[in-house]
Amino acid sequence: MNVRIRRSLVAAAYLLCWLVVSLASAAVIFFNSSRETTLASHDAVIRPDLSGYVVLLTGPVLPDVRVPTDQRIGVSVTLGKTDAPSTSALIDRYALIASQPQGPQARVQEVLGDLMVDSLVRGAALGLVPIVVWVLVGRQRRRVLFERPRKRRRSIALVLSLVVIGVAVAQPWGDDEETLDSEEQWQPLATFLGPDVPLPEELDRVQVRGDVTTSQTRRLIESAVGTYDEGKTFYRDAAEAAAQLDLRQPGEGESVVLLIADRHDNIGMDRVAWAVGDAAGAEAVFDAGDDTSTGSTWEAFSLDSLDAAFDDGPYADSKWAVTGNHDHGSFVGRYLGDHGWTVLDGEAVDGPAGVRLLGVGDPRSSGLGSWRDETGLSFDEVAARLADAACQAEDDGDRITTILVHDANMGDDALERGCADLVVGGHLHVQSGPTEVTGENGAVGYSYTTGTTGGAAYAIAVGASIRRPAGITLLTYADGHPVGVQAVTLDTTGVFTVGDYVPLSPSDGS
(Lines give C-alpha, C1' and ligand atoms only; values in the text may rest on other atoms or scores of the structure.)
Protein backbone atom coordinates (compact mmCIF):
# COMPACT_ATOMS: atom_id res chain seq x y z
CA MET A 1 0.00 0.00 0.00
CA ASN A 2 1.19 3.48 -0.82
CA VAL A 3 2.75 5.11 2.25
CA ARG A 4 0.81 8.32 1.72
CA ILE A 5 -2.50 6.45 1.48
CA ARG A 6 -1.64 4.40 4.55
CA ARG A 7 -0.86 7.53 6.58
CA SER A 8 -4.10 9.13 5.43
CA LEU A 9 -6.06 6.06 6.54
CA VAL A 10 -4.32 6.05 9.91
CA ALA A 11 -5.03 9.76 10.37
CA ALA A 12 -8.68 9.20 9.40
CA ALA A 13 -8.93 6.33 11.91
CA TYR A 14 -7.47 8.52 14.64
CA LEU A 15 -9.90 11.31 13.77
CA LEU A 16 -12.90 8.94 13.75
CA CYS A 17 -11.85 7.46 17.09
CA TRP A 18 -11.44 10.94 18.56
CA LEU A 19 -14.86 12.06 17.32
CA VAL A 20 -16.66 8.98 18.63
CA VAL A 21 -15.01 9.04 22.06
CA SER A 22 -15.31 12.83 22.32
CA LEU A 23 -19.01 12.93 21.49
CA ALA A 24 -19.80 9.97 23.72
CA SER A 25 -17.85 11.49 26.60
CA ALA A 26 -19.42 14.91 26.04
CA ALA A 27 -22.92 13.39 26.11
CA VAL A 28 -22.20 11.55 29.36
CA ILE A 29 -20.71 14.68 30.94
CA PHE A 30 -23.56 16.91 29.72
CA PHE A 31 -26.35 14.74 31.07
CA ASN A 32 -24.57 14.36 34.40
CA SER A 33 -23.76 18.04 34.83
CA SER A 34 -25.55 20.88 36.58
CA ARG A 35 -25.18 24.59 37.07
CA GLU A 36 -26.19 26.84 39.96
CA THR A 37 -27.75 30.11 38.84
CA THR A 38 -30.50 32.59 39.66
CA LEU A 39 -33.84 31.93 37.99
CA ALA A 40 -37.40 33.17 38.54
CA SER A 41 -36.30 35.08 41.67
CA HIS A 42 -34.72 31.93 43.20
CA ASP A 43 -31.33 30.38 43.60
CA ALA A 44 -31.72 27.38 41.31
CA VAL A 45 -29.89 24.30 40.06
CA ILE A 46 -30.38 23.46 36.38
CA ARG A 47 -29.77 19.90 35.13
CA PRO A 48 -30.22 18.66 31.55
CA ASP A 49 -31.79 15.25 31.01
CA LEU A 50 -33.57 13.10 28.45
CA SER A 51 -37.07 13.40 29.91
CA GLY A 52 -38.45 15.63 27.15
CA TYR A 53 -39.91 17.96 29.81
CA VAL A 54 -39.01 21.17 31.57
CA VAL A 55 -39.55 20.13 35.18
CA LEU A 56 -39.79 22.74 37.93
CA LEU A 57 -39.09 21.23 41.35
CA THR A 58 -40.59 23.71 43.79
CA GLY A 59 -39.80 22.11 47.14
CA PRO A 60 -41.79 20.45 49.90
CA VAL A 61 -44.81 22.78 50.07
CA LEU A 62 -45.93 23.50 46.51
CA PRO A 63 -46.58 20.95 43.76
CA ASP A 64 -43.92 20.35 41.12
CA VAL A 65 -44.69 21.51 37.59
CA ARG A 66 -43.63 20.26 34.17
CA VAL A 67 -44.23 21.20 30.53
CA PRO A 68 -43.24 19.14 27.45
CA THR A 69 -40.39 20.50 25.31
CA ASP A 70 -41.51 18.64 22.16
CA GLN A 71 -38.01 17.21 21.81
CA ARG A 72 -35.95 14.48 23.44
CA ILE A 73 -33.84 16.75 25.61
CA GLY A 74 -35.39 18.10 28.79
CA VAL A 75 -34.24 19.99 31.85
CA SER A 76 -34.99 19.96 35.55
CA VAL A 77 -34.89 23.13 37.62
CA THR A 78 -34.60 22.75 41.38
CA LEU A 79 -35.61 25.94 43.15
CA GLY A 80 -33.75 27.00 46.27
CA LYS A 81 -33.61 30.13 48.40
CA THR A 82 -35.65 33.19 47.46
CA ASP A 83 -36.70 36.53 48.90
CA ALA A 84 -40.46 36.88 49.29
CA PRO A 85 -42.52 38.27 52.18
CA SER A 86 -45.09 35.43 52.03
CA THR A 87 -46.04 32.28 50.19
CA SER A 88 -48.95 34.04 48.49
CA ALA A 89 -46.68 36.84 47.24
CA LEU A 90 -44.23 34.23 45.96
CA ILE A 91 -46.93 32.34 44.06
CA ASP A 92 -48.20 35.56 42.50
CA ARG A 93 -44.63 36.30 41.46
CA TYR A 94 -44.42 32.85 39.83
CA ALA A 95 -47.62 33.55 37.93
CA LEU A 96 -46.39 36.88 36.62
CA ILE A 97 -43.04 35.47 35.56
CA ALA A 98 -44.82 32.56 33.85
CA SER A 99 -47.02 35.01 31.95
CA GLN A 100 -43.88 36.68 30.55
CA PRO A 101 -41.60 33.63 30.10
CA GLN A 102 -39.05 35.05 27.66
CA GLY A 103 -36.53 35.98 30.35
CA PRO A 104 -36.44 32.61 32.19
CA GLN A 105 -36.41 30.76 28.86
CA ALA A 106 -33.43 32.78 27.68
CA ARG A 107 -31.62 32.18 30.98
CA VAL A 108 -32.18 28.41 30.88
CA GLN A 109 -31.04 28.25 27.24
CA GLU A 110 -27.96 30.27 28.13
CA VAL A 111 -27.06 27.91 30.99
CA LEU A 112 -27.66 24.82 28.84
CA GLY A 113 -25.51 26.34 26.10
CA ASP A 114 -22.69 26.94 28.59
CA LEU A 115 -22.99 23.38 29.91
CA MET A 116 -22.90 22.00 26.38
CA VAL A 117 -19.77 23.98 25.49
CA ASP A 118 -18.06 22.87 28.72
CA SER A 119 -19.03 19.26 28.02
CA LEU A 120 -17.72 19.38 24.45
CA VAL A 121 -14.41 20.82 25.61
CA ARG A 122 -14.00 18.14 28.28
CA GLY A 123 -15.17 15.44 25.89
CA ALA A 124 -12.64 16.58 23.29
CA ALA A 125 -9.88 16.30 25.88
CA LEU A 126 -11.00 12.81 26.94
CA GLY A 127 -11.22 11.78 23.28
CA LEU A 128 -7.48 12.30 22.97
CA VAL A 129 -6.68 9.90 25.82
CA PRO A 130 -7.02 6.55 23.94
CA ILE A 131 -5.17 7.96 20.93
CA VAL A 132 -2.31 9.27 23.08
CA VAL A 133 -2.08 5.94 24.93
CA TRP A 134 -2.18 4.02 21.63
CA VAL A 135 0.61 6.15 20.15
CA LEU A 136 2.76 6.06 23.29
CA VAL A 137 2.56 2.27 23.54
CA GLY A 138 3.73 2.03 19.95
CA ARG A 139 3.33 -0.63 17.29
CA GLN A 140 6.12 -2.86 18.55
CA ARG A 141 4.89 -3.01 22.15
CA ARG A 142 1.32 -3.62 20.99
CA ARG A 143 2.54 -6.54 18.84
CA VAL A 144 4.47 -7.99 21.78
CA LEU A 145 1.47 -7.67 24.10
CA PHE A 146 -0.90 -9.56 21.85
CA GLU A 147 1.47 -12.05 20.13
CA ARG A 148 2.50 -13.86 23.29
CA PRO A 149 -0.40 -15.87 24.78
CA ARG A 150 0.63 -15.22 28.36
CA LYS A 151 0.81 -11.48 27.94
CA ARG A 152 -2.39 -11.50 25.90
CA ARG A 153 -4.16 -13.16 28.81
CA ARG A 154 -2.79 -10.51 31.15
CA SER A 155 -4.06 -7.73 28.87
CA ILE A 156 -7.51 -9.29 28.67
CA ALA A 157 -7.57 -9.79 32.43
CA LEU A 158 -6.63 -6.12 32.92
CA VAL A 159 -9.47 -4.96 30.68
CA LEU A 160 -11.97 -7.23 32.43
CA SER A 161 -10.78 -5.98 35.81
CA LEU A 162 -11.42 -2.39 34.76
CA VAL A 163 -14.93 -3.34 33.61
CA VAL A 164 -15.66 -5.09 36.92
CA ILE A 165 -14.41 -2.07 38.88
CA GLY A 166 -16.62 0.24 36.82
CA VAL A 167 -19.70 -1.93 37.41
CA ALA A 168 -18.95 -2.15 41.12
CA VAL A 169 -18.75 1.64 41.35
CA ALA A 170 -22.00 2.17 39.39
CA GLN A 171 -23.89 -0.62 41.23
CA PRO A 172 -26.75 -0.81 38.70
CA TRP A 173 -28.42 -3.54 40.78
CA GLY A 174 -29.06 -1.18 43.70
CA ASP A 175 -32.72 -0.40 44.49
CA ASP A 176 -33.75 3.20 45.13
CA GLU A 177 -35.48 3.96 48.41
CA GLU A 178 -39.21 4.60 48.29
CA THR A 179 -39.91 8.34 48.35
CA LEU A 180 -42.97 10.57 48.27
CA ASP A 181 -42.03 11.61 44.72
CA SER A 182 -42.22 8.03 43.55
CA GLU A 183 -45.73 7.70 45.00
CA GLU A 184 -47.11 10.85 43.36
CA GLN A 185 -48.12 10.82 39.70
CA TRP A 186 -48.04 13.61 37.16
CA GLN A 187 -51.45 14.88 36.17
CA PRO A 188 -52.82 17.75 34.07
CA LEU A 189 -53.22 21.03 35.92
CA ALA A 190 -56.93 21.01 35.06
CA THR A 191 -57.35 17.66 36.81
CA PHE A 192 -55.27 18.83 39.76
CA LEU A 193 -57.47 21.89 40.34
CA GLY A 194 -60.79 20.34 39.38
CA PRO A 195 -63.53 21.39 36.95
CA ASP A 196 -64.54 24.52 38.87
CA VAL A 197 -61.34 26.41 37.96
CA PRO A 198 -61.27 27.66 34.33
CA LEU A 199 -57.79 27.54 32.78
CA PRO A 200 -56.33 29.61 29.92
CA GLU A 201 -55.83 27.50 26.80
CA GLU A 202 -52.02 27.81 26.92
CA LEU A 203 -52.00 25.98 30.28
CA ASP A 204 -53.56 22.83 28.83
CA ARG A 205 -50.14 21.14 28.54
CA VAL A 206 -48.99 21.99 32.06
CA GLN A 207 -48.77 19.03 34.42
CA VAL A 208 -48.28 18.97 38.17
CA ARG A 209 -47.21 16.40 40.73
CA GLY A 210 -48.45 16.57 44.30
CA ASP A 211 -51.60 16.78 46.33
CA VAL A 212 -53.69 19.80 47.23
CA THR A 213 -53.41 19.03 50.94
CA THR A 214 -55.18 22.12 52.26
CA SER A 215 -57.85 24.50 51.03
CA GLN A 216 -55.38 27.36 51.48
CA THR A 217 -52.93 25.77 49.03
CA ARG A 218 -55.73 25.27 46.54
CA ARG A 219 -56.80 28.90 46.84
CA LEU A 220 -53.23 30.08 46.34
CA ILE A 221 -52.88 28.08 43.14
CA GLU A 222 -56.26 29.24 41.89
CA SER A 223 -55.16 32.81 42.58
CA ALA A 224 -51.93 32.22 40.68
CA VAL A 225 -53.89 31.02 37.64
CA GLY A 226 -56.00 34.18 37.78
CA THR A 227 -52.91 36.38 38.13
CA TYR A 228 -51.26 34.57 35.22
CA ASP A 229 -54.26 35.12 32.96
CA GLU A 230 -54.76 38.75 34.00
CA GLY A 231 -51.09 39.66 33.60
CA LYS A 232 -50.73 37.92 30.26
CA THR A 233 -53.88 39.55 28.92
CA PHE A 234 -53.09 43.12 30.06
CA TYR A 235 -49.55 43.24 28.69
CA ARG A 236 -50.39 41.28 25.56
CA ASP A 237 -53.21 43.67 24.72
CA ALA A 238 -50.98 46.66 25.47
CA ALA A 239 -48.23 45.35 23.19
CA GLU A 240 -50.73 44.75 20.38
CA ALA A 241 -52.14 48.26 20.83
CA ALA A 242 -48.62 49.74 20.85
CA ALA A 243 -47.95 48.22 17.45
CA GLN A 244 -50.86 50.28 16.04
CA LEU A 245 -49.87 53.65 17.54
CA ASP A 246 -49.59 56.64 15.24
CA LEU A 247 -46.03 57.67 16.12
CA ARG A 248 -43.77 60.09 14.31
CA GLN A 249 -41.52 58.21 11.92
CA PRO A 250 -37.85 59.16 11.42
CA GLY A 251 -37.15 61.31 8.37
CA GLU A 252 -34.21 60.94 6.02
CA GLY A 253 -30.95 60.96 7.95
CA GLU A 254 -32.73 60.59 11.31
CA SER A 255 -32.49 57.80 13.89
CA VAL A 256 -34.76 56.98 16.83
CA VAL A 257 -33.62 55.74 20.26
CA LEU A 258 -36.00 54.18 22.78
CA LEU A 259 -35.60 55.58 26.32
CA ILE A 260 -36.81 53.51 29.29
CA ALA A 261 -36.36 53.93 33.04
CA ASP A 262 -37.62 52.74 36.42
CA ARG A 263 -38.90 49.30 35.39
CA HIS A 264 -38.65 48.14 39.02
CA ASP A 265 -38.97 44.44 38.10
CA ASN A 266 -42.10 44.85 35.95
CA ILE A 267 -41.17 42.37 33.25
CA GLY A 268 -44.60 42.65 31.65
CA MET A 269 -43.77 46.09 30.27
CA ASP A 270 -40.69 44.87 28.38
CA ARG A 271 -42.69 43.58 25.42
CA VAL A 272 -44.77 46.78 25.48
CA ALA A 273 -41.68 49.01 25.39
CA TRP A 274 -40.27 46.91 22.56
CA ALA A 275 -43.52 47.26 20.62
CA VAL A 276 -43.49 51.05 21.03
CA GLY A 277 -39.92 51.22 19.80
CA ASP A 278 -40.70 48.95 16.88
CA ALA A 279 -43.69 51.08 15.86
CA ALA A 280 -41.47 54.18 15.88
CA GLY A 281 -38.59 52.58 13.97
CA ALA A 282 -36.20 52.73 16.94
CA GLU A 283 -32.67 51.44 16.33
CA ALA A 284 -31.24 51.55 19.86
CA VAL A 285 -32.27 51.64 23.52
CA PHE A 286 -31.14 53.77 26.48
CA ASP A 287 -31.91 52.40 29.96
CA ALA A 288 -31.83 55.09 32.68
CA GLY A 289 -31.73 52.64 35.59
CA ASP A 290 -33.79 51.32 38.50
CA ASP A 291 -34.46 48.04 36.73
CA THR A 292 -34.75 46.41 40.15
CA SER A 293 -36.06 47.29 43.58
CA THR A 294 -33.00 46.38 45.66
CA GLY A 295 -30.28 45.26 43.24
CA SER A 296 -30.38 41.75 44.72
CA THR A 297 -29.45 38.60 42.83
CA TRP A 298 -33.01 37.26 43.14
CA GLU A 299 -34.03 40.08 40.78
CA ALA A 300 -32.01 38.61 37.94
CA PHE A 301 -35.35 37.50 36.47
CA SER A 302 -36.05 41.17 35.70
CA LEU A 303 -32.71 41.64 33.97
CA ASP A 304 -33.17 38.38 32.05
CA SER A 305 -36.50 39.65 30.75
CA LEU A 306 -35.04 43.04 29.79
CA ASP A 307 -32.16 41.41 27.95
CA ALA A 308 -34.42 38.90 26.19
CA ALA A 309 -36.64 41.73 24.93
CA PHE A 310 -33.72 43.63 23.39
CA ASP A 311 -31.40 40.77 22.52
CA ASP A 312 -31.78 40.77 18.74
CA GLY A 313 -32.85 42.88 15.78
CA PRO A 314 -31.64 46.48 15.72
CA TYR A 315 -31.02 46.43 19.49
CA ALA A 316 -28.58 43.50 19.52
CA ASP A 317 -25.48 45.72 19.58
CA SER A 318 -27.15 49.03 20.39
CA LYS A 319 -28.10 49.12 24.07
CA TRP A 320 -26.69 51.41 26.74
CA ALA A 321 -27.53 51.61 30.45
CA VAL A 322 -26.78 53.27 33.76
CA THR A 323 -27.71 51.99 37.20
CA GLY A 324 -30.24 53.74 39.44
CA ASN A 325 -30.43 54.45 43.14
CA HIS A 326 -32.45 51.25 43.73
CA ASP A 327 -29.95 49.09 41.83
CA HIS A 328 -27.85 48.70 44.98
CA GLY A 329 -24.37 47.22 44.76
CA SER A 330 -22.52 46.00 41.70
CA PHE A 331 -24.78 43.10 40.67
CA VAL A 332 -27.10 44.91 38.22
CA GLY A 333 -24.39 46.71 36.28
CA ARG A 334 -22.19 43.63 36.10
CA TYR A 335 -25.07 41.40 34.99
CA LEU A 336 -26.13 43.77 32.21
CA GLY A 337 -22.52 44.20 31.13
CA ASP A 338 -22.07 40.44 30.92
CA HIS A 339 -25.15 40.27 28.66
CA GLY A 340 -24.01 42.75 26.04
CA TRP A 341 -25.17 46.08 27.47
CA THR A 342 -22.75 49.00 27.53
CA VAL A 343 -22.94 50.18 31.13
CA LEU A 344 -21.71 53.77 31.34
CA ASP A 345 -19.12 54.54 34.00
CA GLY A 346 -18.18 58.19 33.50
CA GLU A 347 -16.22 57.83 30.28
CA ALA A 348 -17.49 59.20 26.95
CA VAL A 349 -18.33 56.51 24.40
CA ASP A 350 -19.75 56.29 20.91
CA GLY A 351 -23.50 55.84 21.04
CA PRO A 352 -25.95 55.09 18.24
CA ALA A 353 -26.11 57.11 15.02
CA GLY A 354 -23.00 59.17 15.75
CA VAL A 355 -24.09 60.22 19.26
CA ARG A 356 -21.33 60.98 21.75
CA LEU A 357 -22.65 59.54 24.99
CA LEU A 358 -21.63 60.15 28.60
CA GLY A 359 -23.18 58.73 31.75
CA VAL A 360 -22.57 57.26 35.19
CA GLY A 361 -24.52 55.27 37.79
CA ASP A 362 -26.45 56.99 40.54
CA PRO A 363 -24.19 57.54 43.60
CA ARG A 364 -27.10 57.12 46.02
CA SER A 365 -27.05 53.37 45.56
CA SER A 366 -24.65 51.38 47.69
CA GLY A 367 -21.28 51.03 46.00
CA LEU A 368 -22.33 52.83 42.83
CA GLY A 369 -21.79 56.28 41.43
CA SER A 370 -18.08 56.19 42.21
CA TRP A 371 -16.05 58.06 39.66
CA ARG A 372 -14.22 55.20 37.99
CA ASP A 373 -12.42 53.58 40.93
CA GLU A 374 -12.90 56.35 43.51
CA THR A 375 -15.50 55.68 46.20
CA GLY A 376 -17.53 57.75 48.64
CA LEU A 377 -18.58 60.57 46.31
CA SER A 378 -21.85 62.42 46.88
CA PHE A 379 -24.53 63.16 44.29
CA ASP A 380 -23.29 66.75 43.84
CA GLU A 381 -19.66 65.64 43.57
CA VAL A 382 -20.51 63.11 40.86
CA ALA A 383 -22.57 65.76 39.04
CA ALA A 384 -19.58 68.10 39.12
CA ARG A 385 -17.25 65.39 37.82
CA LEU A 386 -19.74 64.61 35.07
CA ALA A 387 -19.80 68.29 34.04
CA ASP A 388 -15.99 68.39 34.10
CA ALA A 389 -15.82 65.38 31.79
CA ALA A 390 -18.40 66.86 29.40
CA CYS A 391 -16.63 70.24 29.29
CA GLN A 392 -13.24 68.61 28.78
CA ALA A 393 -14.70 66.78 25.81
CA GLU A 394 -16.08 70.11 24.55
CA ASP A 395 -12.61 71.68 24.81
CA ASP A 396 -11.20 68.73 22.88
CA GLY A 397 -13.69 69.30 20.05
CA ASP A 398 -15.63 66.16 20.97
CA ARG A 399 -18.95 67.59 22.17
CA ILE A 400 -21.17 65.34 24.27
CA THR A 401 -24.54 65.19 22.56
CA THR A 402 -26.33 63.12 25.22
CA ILE A 403 -25.77 62.54 28.94
CA LEU A 404 -27.61 59.45 30.21
CA VAL A 405 -28.13 59.36 33.98
CA HIS A 406 -30.73 58.01 36.34
CA ASP A 407 -31.72 61.43 37.69
CA ALA A 408 -31.58 64.21 35.09
CA ASN A 409 -30.62 66.68 37.85
CA MET A 410 -27.19 65.09 37.78
CA GLY A 411 -26.63 66.74 34.40
CA ASP A 412 -27.67 70.26 35.47
CA ASP A 413 -24.07 71.45 35.92
CA ALA A 414 -23.09 70.25 32.46
CA LEU A 415 -26.06 72.08 30.89
CA GLU A 416 -25.44 75.26 32.88
CA ARG A 417 -21.85 75.28 31.65
CA GLY A 418 -23.09 74.65 28.10
CA CYS A 419 -21.23 71.38 27.59
CA ALA A 420 -24.00 69.01 26.42
CA ASP A 421 -26.94 69.00 24.02
CA LEU A 422 -29.31 66.80 26.02
CA VAL A 423 -29.52 65.23 29.47
CA VAL A 424 -31.99 62.36 29.90
CA GLY A 425 -32.99 60.39 32.99
CA GLY A 426 -35.85 59.00 35.04
CA HIS A 427 -36.13 58.58 38.83
CA LEU A 428 -39.18 60.84 39.39
CA HIS A 429 -41.68 58.29 37.95
CA VAL A 430 -43.35 61.12 36.01
CA GLN A 431 -42.49 62.68 32.66
CA SER A 432 -41.01 66.19 32.67
CA GLY A 433 -39.57 68.37 29.92
CA PRO A 434 -37.85 68.83 27.63
CA THR A 435 -36.66 71.98 29.41
CA GLU A 436 -34.40 74.34 27.49
CA VAL A 437 -31.25 75.53 29.28
CA THR A 438 -28.91 78.24 27.97
CA GLY A 439 -25.40 77.69 29.27
CA GLU A 440 -22.95 80.33 30.46
CA ASN A 441 -21.15 80.02 27.13
CA GLY A 442 -24.37 80.68 25.19
CA ALA A 443 -24.89 77.02 24.22
CA VAL A 444 -28.43 75.69 24.27
CA GLY A 445 -29.17 72.26 25.75
CA TYR A 446 -32.15 70.39 27.13
CA SER A 447 -33.07 68.39 30.23
CA TYR A 448 -35.65 65.62 29.96
CA THR A 449 -37.11 63.12 32.43
CA THR A 450 -39.07 60.10 31.22
CA GLY A 451 -41.83 58.45 33.24
CA THR A 452 -41.60 55.05 34.92
CA THR A 453 -41.62 52.36 32.25
CA GLY A 454 -42.67 49.81 34.86
CA GLY A 455 -45.70 51.84 35.92
CA ALA A 456 -44.19 51.84 39.40
CA ALA A 457 -45.78 53.62 42.34
CA TYR A 458 -43.14 52.31 44.74
CA ALA A 459 -39.80 50.53 44.58
CA ILE A 460 -41.25 47.34 43.12
CA ALA A 461 -43.76 47.16 40.29
CA VAL A 462 -44.37 43.44 39.82
CA GLY A 463 -48.07 43.04 39.16
CA ALA A 464 -50.75 41.82 36.81
CA SER A 465 -51.08 45.40 35.56
CA ILE A 466 -49.35 48.73 36.08
CA ARG A 467 -49.94 50.69 39.28
CA ARG A 468 -49.54 54.13 37.73
CA PRO A 469 -49.18 55.46 34.16
CA ALA A 470 -46.16 53.91 32.47
CA GLY A 471 -43.83 56.14 30.46
CA ILE A 472 -41.72 55.41 27.39
CA THR A 473 -39.88 58.04 25.35
CA LEU A 474 -38.64 58.22 21.77
CA LEU A 475 -35.53 60.33 21.14
CA THR A 476 -34.83 61.41 17.55
CA TYR A 477 -31.28 62.18 16.36
CA ALA A 478 -29.83 63.64 13.18
CA ASP A 479 -26.09 63.86 12.48
CA GLY A 480 -25.43 62.67 16.03
CA HIS A 481 -27.43 65.49 17.67
CA PRO A 482 -30.88 65.30 19.34
CA VAL A 483 -33.58 66.92 17.22
CA GLY A 484 -36.81 65.78 18.86
CA VAL A 485 -38.58 64.04 21.76
CA GLN A 486 -41.90 62.20 21.84
CA ALA A 487 -43.45 60.76 25.02
CA VAL A 488 -45.75 57.74 25.03
CA THR A 489 -47.81 56.92 28.13
CA LEU A 490 -49.78 53.78 28.95
CA ASP A 491 -52.56 54.44 31.45
CA THR A 492 -53.64 51.94 34.12
CA THR A 493 -56.74 51.31 32.00
CA GLY A 494 -54.59 50.01 29.15
CA VAL A 495 -55.13 53.12 26.97
CA PHE A 496 -52.16 54.85 25.34
CA THR A 497 -51.61 58.60 25.15
CA VAL A 498 -49.15 59.73 22.48
CA GLY A 499 -47.53 63.06 23.26
CA ASP A 500 -46.73 65.67 20.66
CA TYR A 501 -43.37 65.47 18.95
CA VAL A 502 -41.27 68.29 20.47
CA PRO A 503 -38.47 69.55 18.19
CA LEU A 504 -35.09 70.30 19.78
CA SER A 505 -32.54 72.80 18.49
CA PRO A 506 -29.39 72.48 20.60
CA SER A 507 -26.36 74.64 19.85
CA ASP A 508 -22.76 74.58 20.94
CA GLY A 509 -22.49 78.31 21.60
CA SER A 510 -20.08 78.94 18.77
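This is a short tour of strand E19, its partner strands and the nonpolar cores around them.

Before you start, note that the model is predicted: local features need pLDDT of at least 70, side-chain atom pairs count only at pLDDT 80 or more, and totals for chains, interfaces and linings use all residues. Residues are numbered from 1 along each chain as its sequence is written, and side-chain values use heavy atoms, leaving out hydrogens and water.

Select residues 481-490, strand E19 (strands are DSSP E runs of at least two residues, and helices are H or I runs of at least four, numbered from the N terminus). Of its 10 residues, 7 are buried, meaning under 20% relative accessible area with a 1.4 Å probe, protein chains only.

Next, add residues 470-478, strand E18, which runs antiparallel to E19 and is joined to it by 9 bridges (two strands pair if DSSP finds at least two bridges between them). Look for alanine 478 and its bridge partner, histidine 481. In the hairpin between these strands, aspartate 479 has a positive phi near 55°.

Now show residues 496-498, strand E20, antiparallel to E19 through 3 bridges. Here threonine 489 faces threonine 497.

Finally, turn to the largest nonpolar core (buried Ala, Val, Leu, Ile, Met, Phe, Trp, Tyr and Cys residues joined through side-chain atoms within 4.5 Å). Among its 38 residues, Leu258, Val276, Phe310, Leu490 and Phe496 touch the most other members. Helix H8 (268-280) is one of the elements supplying at least two residues, and H8 gives the most, with 7.

Technical notes
Buried means under 20% relative accessible area, exposed over 50%, partly exposed in between (1.4 Å probe, protein chains only).
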